[in-house]
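Reader: I would like a close look at a single part of this model, the packing of one pair of helices. Please add what is needed to read the values.

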Amino acid sequence: MHDIAKRILQGEVRGAARAITCIENDYPERTQILREIFPYTGRAKRIGITGTPGAGKSSLVDALIGFLREQDLKVGVAAVDPTSPFTGGALLGDRVRMQNHALDSGVFIRSMGTRGSLGGLSRKTKDAVRVMDAFGCDVVLIETVGVGQSELDVMNIADTTIVVLTPGGGDTVQAFKAGIMEIADLFVINKADLPGADKLQTEVEQMLDLAKHDAAWRPPIVRTVSTRRLGLEQLWEQVERHHAYLQASGEWGLRRSRRLQEEVLEIVSQRMQQVVRERLAAGSYADQLAAVAAGEADPYSAAEEIVRRLFAGDREPGK
Ligand SMILES: Nc1nc2c(ncn2[C@@H]2O[C@H](COP(=O)(O)OP(=O)(O)OP(=O)(O)O)[C@@H](O)[C@H]2O)c(=O)[nH]1
Ligand SMILES: [Mg+2]
């Protein structure tokens with residue numbers, strides 16, 4: 001077993017941190033590490049937290065960490081910022097939070113940015129969450145700003161997705177348009193200390209009446225004031241209720257197995273890309289690329305030809 005894998009399973013913080021660095025930078029040993037820790041994953045509850053900029057996601061995560069630690073649960077946090085190339089805990093705002101919990105060995109916080117070229121951010125976040133799971137986290141909070149497709153992809157990792165809204169933000173309609181409402185298992189109206197919380201709640205209820213009137217799970221709405229740590233108990237109660245619903249309905253297993261299958265295809269395409277890039281670096285397919293650059297070939301035909309040669313190569317003896 002890889003030394004880093006061993007250290008993750010022993011709950012060693014530096015081992016887990018090192019593994020995530022390998023994942024972020026596409027180091028070759030990441031595959032072995034991930035393969036070896038996989039049998040020790042699947043236990044952690046994965047909670048996605050998304051919402052518009054400034055909604056209070058980070059404050060909520062910070063408050064939740066405290067709440068979960070009081071129950072002696074080990075907590076992992078993946079703060080995902082699709083707009084930032086920074087990684088390794090360098091994201092603004094997360095530094096404060098990390099300092100808050102720096103001395104607590106039951107909290108593992110990591111920021112994920114867009115560094116590296118392969119696989120994309122959601123692929124990397126998935127792997128990082130798995131490291132936290134194998135490391136022994138009972139709960140992994142995955143926080144991301146909800147504006148585009150990459151956030152939706154990131155939320156696909158979560159068992160329970162929490163969408164954070166705020167009064168007076170005009171959030172609801174926007175979130176609805178962006179496809180955020182569809183992925184919500186639970187709504188939080190944060191900043192419930194500000195005027196307009198009642199109005200927002202009514203709006204969300206009305207949307208749910210339309211969109212989820214025949215759904216087996218109607219997302220509950222919880223109010224919080226994350227800066228004063230209010231509403232956390234109610235929030236967690238609903239998370240637990242959702243978890244129980246997933247288990248009882250069989251959705252839990254279905255979701256996970258469906259996603260694992262998707263993941264295989266994702267890894268295949270990542271691997272293929274890697275092979276093609278390695279061969280490109282070694283001088284292969286240069287004629288195809290040159291022809292496209294010179295306007296003599298279209299990209300579709302060039303790609304077809306590269307794929308054809310790739311598969312033809314597989315059948316050559318000794319390869
Ligand atoms: N009044 C009030 N202010 C809050 C509450 N929660 C957060 N805030 C404030 O809202 C601002 C944004 O909070 P963050 O937690 O940074 O929000 P965020 O969603 O993580 O923001 P981004 O990461 O920039 O998208 C900060 O000034 C918080 O102090 C709340 O419950 N009530
Ligand atoms: Mg934030």
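Author: The answer below covers one helix pair, then a second pair and the ligand.

This is a predicted model, in which local features need pLDDT of at least 70, side-chain atom pairs count only at pLDDT 80 or more, and totals for chains, interfaces and linings use all residues. Residues are numbered from 1 along each chain as its sequence is written, chains are lettered from A and ligands numbered from 1 in the order in which they are written, and side-chain values use heavy atoms, with hydrogens and water left out.

Two packed helices are described by the angle between their axes and the distance between the axes. Axes are lines fitted to C-alpha atoms, for helices over the stretch in contact, and angles run from 0 to 180 degrees between N-to-C directions. Helices (H or I, at least four residues) are DSSP runs, numbered from the N terminus.

Helix H6 (residues 121-135) packs against helix H12 (residues 251-281) at an angle of about 120°, the axes being 11 Å apart. H6 is therefore oblique to H12; oblique is what remains after under 35 degrees (roughly parallel), over 145 (roughly antiparallel) and 65 to 115 (roughly perpendicular). H6 contributes Arg123, Lys126, Asp127 and Arg130 to the contact, and H12 contributes Leu260, Glu263, Glu266, Ile267 and Gln270; contact means heavy atoms within 4.5 Å. By class, this contact of H6 with H12 holds 6 charged, 2 nonpolar and 1 polar residues.

For the second pair, the axes of helix H2 (residues 13-24) and helix H3 (residues 29-37) come within 9 Å and cross at roughly 130°. H2 is therefore oblique to H3. Ala19, Cys22 and Ile23 of H2 meet Glu29, Arg30, Ile33 and Leu34 of H3.

At ligand 1, a polar side-chain atom of Asp193 lies 2.9 Å from a nitrogen atom of the ligand.

Definitions and conventions:
Helix = DSSP H or I, 4+ residues; strand = E, 2+ residues; numbered from the N terminus. Nonpolar A, V, L, I, M, F, W, Y, C, P; charged D, E, K, R; others polar. Polar contact = N/O pair within 3.5 Å; in protein donor to acceptor, adjacent residues only side chain to side chain.
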